[in-house]
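The following exercises concern strand pairing, chain contacts and domain contacts. Work through each task with the structure in view before reading the solution.

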Amino acid sequence: MKKIYVNEKWCLGCHLCEYNCAFANSGETDMVKALKDKEISPRIHVEEDGKITYAVSCRHCEDPVCVKSCISGALSKKDGVVTIDKNKCVGCFTCVLVCPYGAVIPTDKHAAIKCELCLKNACGYPACVKGCPNKAIVYEER
Amino acid sequence: MKKEGEIRIPSGCAISAVISKDGNKMTGEKIIESMIPMHDRSNGLGGGFAGYGIYPDHKNEYALHIFFNDKYRIEDCERIIKDSFEIVKKEIIPTRKIPEITDEPIIMRYFVSPLFSLLRSLQLDEKEFVVRIVMKINTEVDGAYVFSSGKNMGAFKAVGFPEDVGRFYKLDEYEGYSWTAHGRYPTNTPGWWGGAHPFGLLDYTIVHNGEISSYDANRRFIEMFGYKCTLQTDTEVITYIADYLIRRQGLSLTETASVIAAPFWTTIENKPEKEREKLKYLRTMFSSLLITGPFSIILGFDGGLMALNDRLKLRSMVVGEYNDKVFIASEEAAIRKMEINAKNIYAPQGGEPIIVKVKEGKF
Amino acid sequence: MSINYIYPEFEVVRNPNRCICCRVCERQCANEVHRFDADGKVMLSDESKCVNCQRCVSLCPTRALKIIKSDCVLRENANWQNQTIKEIYKQAESGGVLLSSMGNPNPLPVYFDKILINASQVTNPSIDPLREPMETKVFLGKKPNKIERDKDGNFINNLPPQIELSMPVMFSAMSYGSISYNAHKSLALAAQKLGILYNTGEGGLHEDFYVYGDNTIVQVASGRFGVHENYLQAGKAIEIKMGQGAKPGIGGHLPGTKIVGDVSKTRMIPEGSDAISPAPHHDIYSIEDLRQLVYSLKEATAYKKPVIVKVAAVHNIAAIASGIARSGADVIAIDGFRGGTGAAPTRVRDNVGIPIELALAAVDKRLRDEGIRNNVSLVVGGSIRSAADVVKSIALGADACYIATAALLALGCHLCRTCQTGKCNWGIATQNPELVKRLNPEIGSQRLINLMTAWKHEIKEMMGGMGINSIETLRGNRLMLRGIGLNEKELEILGISHAGQ
């Protein structure tokens, strides 16, 4: 199954992936309209430590602890993709706590969000991958 | 109305040739006739012939055919000739006055032998010596032009339709074992007598149909070796290339064909190793002598003919046979005119040389 | 020195309606032009630091940025132009030689733009490269004057070693040091995939790149940096660099700040020491000395590697080339005055040397007049900008072209001409690891391959139009060219007729 992988060697720490992610999941067609003067909550984050930068998003684990921990059955794994049903999510954020990668993100809208490989939005292909200027983020079979 | 491809639309030049493999003599009559059905391939601005074996009485001397614009040039030119050759015989080339051919220059013929002492002091091969003198006359004497310089052969050419040129030169009175002919539809040079074909150097003559795209690349390369392309015609440069490769480099006719109509690299890659190495060597060695663009040529030489098409076969050329004779022409009609019963008529592939030689000792 | 005489050259124009404060501009600018003001929640900029490399412009996701030329100008003066005056201010302040990068930007004649290419109409057919074979393969190297046969009449291969190229273009010398590891890797990868060669320049060959040896020209220049036996053996050919079009008569100077880590190791000089290439080779003060170096290199490599001698196009280039053609060299590379550089004194770059078009025409003619054109192949560089320039060069008489600036542009270079600062935001002319990583060779090599593939298509289209289906019959085929707006002398030197003739 194709997944998103990050090659730290080529990550420039430009954070464009975060903005592309936020835009892709905004439901808007214009980036300015979607993101201007707004706090963004992307589903991918660039971790930084000095000169090392690395974009992190959901690994769609083999045996996802988030799914196991979900008390409302909002998180599930289908065809290898871990998805969240925001209508079922009760906002307990247990998943946020248990995810070892910090890839599930709490929001103030009472539901957690996470990378769903842009399969549910209009993008149709991971926006972070499409927009990465240095091919540090790739979407491929491994 | 029929379109190109459905009907032959006349254009370009006409070439034709006949050779007897047994060395049997033929008058120029047939070759003249062969040009009649191809009349529309010429535009009256040039026609010519080459006959081999036509001077049996002077077969050991070089026959220089020269155009002079006026009689004053004769002296200048003869001075150069006399400095280098013994003139065995000198005469005006006999012509027939016909209304179709006018404004003729003075047309002379000299049978000459190089001065042996001079040859020795210059340390030159006899043929190279002749080439140099021909180049000297053609570049230095304004108004004199050597258009044929081989042994026991001669070129005859003029401004006019080829069938008229043949009658003008009384070719029906010559006998040769091999003839080539050319009708010209000039495209890239003004029609003048010297520019008509065949073009000759020593016993090599070329008749050619086409306009090669490699001209200047070929010219600028070959001029490094003492050749002077004064006419700026394709035929001239092709003749020099043939002379350079065959006489100076010692390539065989087939090898020469592999240089000027070299196979594509993809073709070479697929050949057996020995052949591949050979073709690669020739193509790399003589890359500037590859000829591109359309051409069909007939190279005449002492004792034979070689016909060759460009590697994409962008010009028509057919070959036929009858008994001891082989015919080559732009159109089958020309062959049929020479021999109604000609057999095995076929169109050679692009880049495939057709080499016909007279049997050893028969010419 | 409290007064700054020079107003910044560029203005950073940010459209506040579009800026989303993602700060990518800030993170990507090594010159530190952009910064985020947390109080006002706006991006601010210091245009005095901007070099107009357009990295920020290219990465801004909302196209909120553009860089424009400042319209703050000094009073107009045709003699004392703005640039001239600013250079005087700079020198009055620094007391130093002005440095510049990349090629001569001045409005001197570009002869390529005044040459037009022919096409077939009626009398002979043009050839469609999509339907018919169209050959661009070339072999560089000396061609003997006479064939040889063995006693059975078979040819003896008496050709000296040849360089086979799938198309008549190579990447010219750019040293590891002046450009980054990733830039070199991109060039090497692309050269390998394309079946052409790239050139190490005078910086040695990084040990990782020995695997691309068959597609590498190893350079030997006056500083001899990184030259050792294995290095010479590693390449397909060896190039002796006598000169460079951007700075004829001048050596090289790679500052110690760039001599770090692998660069120092590859150059075989201590970290932090300046790499200074002398102006001449101190073992070549004349043509006979060159011959000795040519043969030393051939001896060292058992006569298996063609030797290229690269010279800058200077006034008497035809005579120089004639000398080189008799020196045993297999290929002469001529670099025109518009050739690029990582750093050169501005005055030299802008005033020394001659255009490559004229140099090429003169050299090709001279070698033919002397009957020695076959002794060498000719490679020309110094601003070959497009497939049309390649076609025109070949028709003027070149065997192949060298490109470098065009290759760097493919890698992302925006010709800001500040390579000498070492702060290349595109990861090309820098050794800063943070910047170097911006050039992913996977992307870089693919862009180079794309560029060359596109040029190859264009070359074929133009050849087909001329009725030529093999590049060798274009070489020196000057009938295929016409000049436009050139005077008699220029036409005579170029050996072409004027359009309409």
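**Exercise 1: a sheet in chain B**

S11(B) and strand S12 (residues 204-210) of chain B are paired in the antiparallel sense over 3 bridges. Strands pair if DSSP finds at least two bridges between them; helices (H or I, at least four residues) and strands (E, at least two) are DSSP runs, numbered from the N terminus. The model is predicted: local features need pLDDT of at least 70, side-chain atom pairs count only at pLDDT 80 or more, and totals for chains, interfaces and linings use all residues. Residues are numbered from 1 along each chain as its sequence is written, while chains are lettered from A and ligands numbered from 1 in the order in which they are written.

Task: place this pair in its sheet, identify the edge strands, and describe the helix that lies across S11, S12 and S13 of chain B.

Solution.
1. Within the pair, B:Leu201 stands opposite B:Tyr204 of S12(B).
2. The open sheet has 5 strands, ordered S11-S12-S13-S14-S18 (chain B), with antiparallel pairing.
3. Strand S11 (199-201) and strand S18 (354-357) of chain B each have a single partner strand, so one side of each lacks a neighbour in the sheet; these are the edges.
4. On average, neighbouring strands of this sheet are turned by 15° against each other, direction ignored. Axes are lines fitted to C-alpha atoms, for helices over the stretch in contact, and angles run from 0 to 180 degrees between N-to-C directions.
5. Helix H7 (residues 234-248) of chain B lies across S11, S12 and strand S13 (295-301) of chain B, at about 135° to S12(B).

**Exercise 2: the contacts of chain C**

Task: state how many residues of chain C are in contact with chain A, and which helices supply them.

Solution.
1. Contact requires C-beta atoms, placed from the backbone, to lie within 7 Å. By this criterion, 16 residues of chain C meet 17 residues of chain A.
2. On this side of chain C, helix H1 (24-28) and helix H14 (441-465) each supply at least two residues. The largest share, 3 residues, comes from H1(C).

**Exercise 3: two domains of chain C**

Task: give the bounds of the domains of chain C and describe their contact.

Solution.
1. The domain assignment, automatic or from a database, gives domain 1 (10-96) and domain 2 (138-476) of chain C.
2. Their C-alpha centres lie 35 Å apart.
3. Domain 1 of chain C contributes 9 residues to the contact and domain 2 of chain C contributes 7 residues.
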